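Hi,

Here is the structure I said I would pass on. Have a look at it, and then see my notes underneath.

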Amino acid sequence: MWSEATALRGARWRKSSYTSGGNDPQCVELACLAVGTAVRDSKAPAGPVLVFPGGAFEAFLGQAAAGRFDRR
């Protein structure tokens, strides 16, 4: 049975290389999990985590790159 605590155990978190070489505290961190992609606030690593199933996060990134969420 899947649980968030089990899925996050041993997660390897990473920041984007675009965030001042990974040292910018104003960003999010990602972890690839067996169940999808986890996202957390880098300023609060013990805080809440969003877990996106399967390819949902990749689909979001594709839409963002295409400008789908840009203000008009």
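Below is what I found, starting with the ground rules.

This is a predicted model, so local features need pLDDT of at least 70 and side-chain atom pairs count only at pLDDT 80 or more, while totals for chains, interfaces and linings use all residues. Residues are numbered from 1 along each chain as its sequence is written, and side-chain values use heavy atoms, with hydrogens and water left out.

First, the nonpolar core (buried Ala, Val, Leu, Ile, Met, Phe, Trp, Tyr and Cys residues joined through side-chain atoms within 4.5 Å; buried is under 20% relative accessible area, 1.4 Å probe, protein chains only). The largest one has six residues: Ala 7, Leu 8, Ala 31, Leu 33, Ala 38 and Val 49. Helix H1 (4-8) and strand S1 (28-33) each supply at least two of them; helices (H or I, at least four residues) and strands (E, at least two) are DSSP runs numbered from the N terminus.

Now the charged pair. Arg 40 sits in strand S2 (residues 36-41), and Glu 29 in strand S1. Arg 40 is buried at 14% relative accessible area, and Glu 29 is buried too, at 11%. Their side chains share a polar contact of 2.7 Å (N or O atoms within 3.5 Å, one able to donate a hydrogen and the other to accept it; residues adjacent in sequence count only if both atoms are side-chain atoms). The Arg 40 side chain also reaches the backbone oxygen of Pro 45 at 3.3 Å.

Cheers

Methods
Buried < 20%, exposed > 50% of the residue type's maximum accessible area, 1.4 Å probe, protein only.
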